[in-house]
Amino acid sequence: MPTILGQNQYGKAENRVVRITRDGDTHHIKDLNVSVALSGAMDDVHYSGSNANVLPTDTTKNTVFAFAKEHGIESAEQFGIHLARHFVTTQEAIEVARIRIEEYAWERIATSDGNSRFIGADEVRHSFVRKGQELRTTQVTYDGEKWEVVSGLKDLTVLNSTNSEFWGYAKDKYTTLKETYDRILATDVSARWRYNWTDDGQRVPNWEKSYQQTRGHMLEAFAETYSLSLQQTLYQMGSRIINSRTEIDEIRFSLPNNHHFLVDLEPFGLTNENEVYFAADRPYGLIEATVLRDGVEPRIPVDLTNL
């Protein structure tokens, strides 16, 4: 029984592109996940394997990054229009281009008063938190006499578009990473903190206020730390919480280092001036540590997956 080719399309799915626009000290961020699907006169490649009408999917990926530089990203809609028009008008075989875009929204982190900022810092305008992502957690344990309350959050995505460096590290024959003095620092914060309220005779913390202010101190410390390593930033986040919230004795962080790599645009005759990045999700560095009040014994498990 004869067969015929039905609907078909091809392209590059989930191109993660981050565009930083630098307006002096104020930075703006657009974070998109762009999927390209192209269809048209593609019978030959299916029937005979001829690639004469096939624009490589790698080229569609390159176009996404190049357009982020050439056109900027005013909106997801306008960026998609630029891409779709380009593919249909420049490739005779392509009749339909479908661009699907997910935009990850960020909001600027509100920082604290000038007294607690790092030395020499003005108002911070380059630190962002992903909107509506985090999940609040708590674990309450009671044995009939004593309470243990461990609260926290996970999937709190934060990003600094500058004021982060990484250099002076140990090197061996397998080291290829280049030192950098200006990088994007991004992570998905997973944190658990233990309250020192343990029995009914103590004053019960205001749980809602404690959570909101702990989260606020965490974000302020992330934004205001000039970071030479993610470990340094982690310790500053934990220290600020312990020093500011008397009801908390211990906090443990698990921070993946969400790497952002500058895209090489030179093959397209473009200069990437710390504007267009590839957001890699794997593999990632994983930084974990506990910060304690002096004299307190740690009780939060090292492995947070079971908490």
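Let's start with one pair: S39 and V96 are bridge partners, with V96 sitting in β3. Before I go on, this is a predicted model, where local features need pLDDT of at least 70, side-chain atom pairs count only at pLDDT 80 or more, and totals for chains, interfaces and linings use all residues. Residues are numbered from 1 along each chain as its sequence is written, and side-chain values use heavy atoms, with hydrogens and water left out.

A word on names: helices (H or I, at least four residues) and strands (E, at least two) are DSSP runs, numbered from the N terminus. Two strands pair if DSSP finds at least two bridges between them.

So where does that pair belong? Strand β2, residues 26-40, runs antiparallel to β3, and nine bridges join them. On to β1 and β2: they are antiparallel too, with nine bridges, and here R16 stands opposite N33 of β2. The hairpin of β1 and β2 has two residues between the strands, and G24 takes a positive phi there, near 65°. Then β1 and β11 pair, again antiparallel, over three bridges; V18 has Y277 in β11 as its bridge partner.

Put together, five strands make an open antiparallel sheet in the order β3-β2-β1-β11-β10. What stands at the edges? That's β3 (94-103) and β10 (260-262); each has a single partner strand, so one side of each is left without a neighbour in the sheet. On average, neighbouring strands here are turned by 35° against each other, direction ignored. For angles, axes are lines fitted to C-alpha atoms, for helices over the stretch in contact, and the values run from 0 to 180 degrees between N-to-C directions.

Now the helices. Helix α2, residues 57-70, packs on this sheet and touches β1 (15-23), β2 and β11 (276-279), where contact means heavy atoms within 4.5 Å. The direction of α2 makes about 15° with that of β1. Helix α3, residues 76-90, lies across β2 and β3 and runs at about 160° to β3.

Let's move to V189, in strand β8, residues 185-195. Is V189 buried or exposed? Buried, with a relative accessible area of 1%; the cut-offs are under 20% for buried, over 50% for exposed, and partly exposed in between, with a 1.4 Å probe and protein chains only. Leaving aside residues up to four places away in sequence, V189 touches ten residues' worth of list that I'll shorten: among them L153, D155, M218, M237 and F253. The C-alpha atoms of V189 and P256 are separated by 7.6 Å, although the two are 67 residues apart along the chain.

One of those contacts, D155, has its own quirk. Most residues other than glycine have a negative phi, and most peptide bonds are trans. D155 isn't a glycine, yet its phi is positive, about 60°. You'll find D155 in strand β7, residues 147-160, and it is partly exposed at 41%.

E14 does something along those lines: its phi is near 55°, a positive value in a residue other than glycine. E14 lies in the segment before β1 and counts as exposed, at 57% relative accessibility.

And the peptide bonds? R282 and P283 are joined by a cis one, with omega about -15°. P283 is in the loop between β11 and β12 (285-292).

That's my tour, from the S39 and V96 pair to the cis bond before P283.
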